[in-house]
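User: I would like to understand how statements about a ligand and its surroundings are justified. May I put some questions about the structure below?

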Amino acid sequence: MKRIAVMTSGGDAPGMNAAVRAVARAGLDRDVEVYGIRQAYQGLLAGDMALLSSREVSGILQRGGTVLQTARNEEFKTPQGQRKGKRRLNENGIEGVIVIGGDGSLRGALALHNMGVPAVGIPASIDNDIWGTDTSIGVDTALNTILDAVDRLRDTATSHNRAFVVEVMGRDCGYLAVMAGILGGAEIVVTPENGVTMNEIAVSLEDAYIRGKTHAIAVLAEGAPYQGPELAHYLEQKHIGFEIRLTILGHTQRGGSPTAFDRLLATRMGVYAVDLLLAGETGMMVARVGREQVPVPLAESTAKTRLITPEYFNLARILSR
Ligand code: ADP
């Protein structure tokens with residue numbers, strides 16, 4: 001292979017830039033030209049791609065977001081769209097593609113592979129919902145951002161005898177909520193998976209009040225069966241002792257400079273992805289298993305969703321006493 005391309009797709013995650021940089025630098029080292037495709041599959045269909053020089057990827061390691069930008073695109077989900085994508089790659093002399101993104105983006109990479117275009121995926125998603133890998137690029141940074149907020153909220157909660165409801169990201173997967181609950185010292189965590197009721201939350205917070213705690217925190221994943229405002233209103237009506245305040249962390253969780261962990265993960269995965277592609281191992285996702293990178297077929301990783309280890313739900317329960 002003499003020329004490959006890289007894109008970042010789907011929801012952005014801190015560390016995507018570090019991965020792009022690693023792919024570009026590995027290309028230089030292996031004597032392969034690396035093109036950057038702007039705005040994911042949308043840019044692919046528009047033929048929006050150009051050579052990534054070493055200078056272009058310098059100074060991006062520590063930046064959140066993605067310099068290649070990301071976009072969602074419905075056309076690429078259709079067979080016609082995918083054939084058009086393949087044509088655009090051929091027109092530009094590109095022989096292989098590296099897709100950095102979440103579950104949907106990796107399905108796009110699998111579609112390319114199934115059409116005979118060598119493709120390798122790198123998991124990047126703050127939700128940690130990608131099957132086959134212990135973790136994905138962005139998870140560690142997002143979790144640290146959330147913990148920073150939870151720690152601050154606890155400071156102010158303590159000063160006023162307040163209970164905070166903190167809503168974090170996670171539409172289908174409550175990983176961030178559970179981990180924030182354990183590591184941020186929350187009284188209770190609600191996720192799409194665990195079926196905790198509003199009444200159970202009221203009981204848990206009231207119990208903390210009765211035990212003389214000066215603050216209490218409930219962490220709610222956005223994909224929980226009820227939203228933050230509804231829960232806060234419910235708790236107010238219940239008069240549980242604490243004054244209730246709601247904080248929705250929102251998109252701050254996606255931004256920010258990647259942690260050392262995410263930088264290293266992205267850097268290792270980027271270089272590994274280039275080597276997989278050059279070794280002809282197409283249709284693979286770079287997975288992190290234990291302390292190493294291993295290839296996992298995209299057909300497998302996109303067919304399942306990573307579940308939260310039951311141990312974590314258990315830890316959250318034990319540590320909230
Ligand atoms: P994420 O990658 O973060 O899960 P999405 O699910 O929105 O985000 O997917 C990002 C993009 O990947 C979509 O806008 C679409 O262009 C492409 N994509 C998603 N699913 C498929 C699919 N089944 N086949 C081909 N392309 C897909």
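User: Which helix makes the largest contribution to the shell around the ligand?

Analyst: In this predicted model, helix α4, residues 103-114, supplies 5 residues of that shell, the largest share.

User: What makes a residue count as near the ligand, and which residues come nearest?

Analyst: The criterion is a heavy atom within 4 Å of the ligand. There are 15 residues around the ligand, and Gly-11, Arg-72, Asn-73, Gly-104 and Ser-105 come nearest. By class, the shell holds 9 polar, 4 charged and 2 nonpolar residues.

User: Why is the approach of Gly-104 to the ligand called a polar contact?

Analyst: A backbone N or O atom of Gly-104 lies 3.0 Å from an oxygen atom of the ligand. The limit for such a pair is 3.5 Å, so the pair qualifies as a polar contact. For Gly-102 the corresponding distance from a backbone N or O atom to a ligand oxygen is 3.1 Å, and for Asp-103 it is 3.3 Å; these values also lie within 3.5 Å, and therefore both pairs qualify.

User: How much of the ligand does the protein bury?

Analyst: The ligand taken alone exposes 550 Å², and the protein buries 80% of that area.

User: How do you know where the ligand sits?

Analyst: The test asks whether more than half of the atoms of a molecule lie within 2 Å of the grid points of a pocket. The space taken by the ligand is the largest pocket, which contains about 780 Å³ of space.

User: What lines the largest pocket?

Analyst: Its lining comprises 31 residues, and Gly-10, Arg-72, Asp-103, Gly-104 and Ser-105 lie nearest the centre. Helix α4 provides the largest share of this lining, 6 residues. The lining divides into 12 polar, 11 charged and 8 nonpolar residues.

Key. Residues numbered from 1 in each chain as written. Predicted model: local features only at pLDDT ≥ 70, side-chain atom pairs only at ≥ 80, totals over all residues. Heavy atoms only, no water. Polar contact = N/O pair within 3.5 Å; in protein donor to acceptor, adjacent residues only side chain to side chain. Areas by Shrake-Rupley, 256 points an atom, 1.4 Å probe, with all protein chains shown as cover. 1 Å grid on protein atoms, 1.4 Å probe; cavity = no way out; pocket = protein on both sides within 12 Å on 5 of 7 lines; lining within 4 Å. Helix = DSSP H or I, 4+ residues; strand = E, 2+ residues; numbered from the N terminus. Nonpolar A, V, L, I, M, F, W, Y, C, P; charged D, E, K, R; others polar. Points joined across faces, edges and corners; volume = space filled by probe spheres on them.
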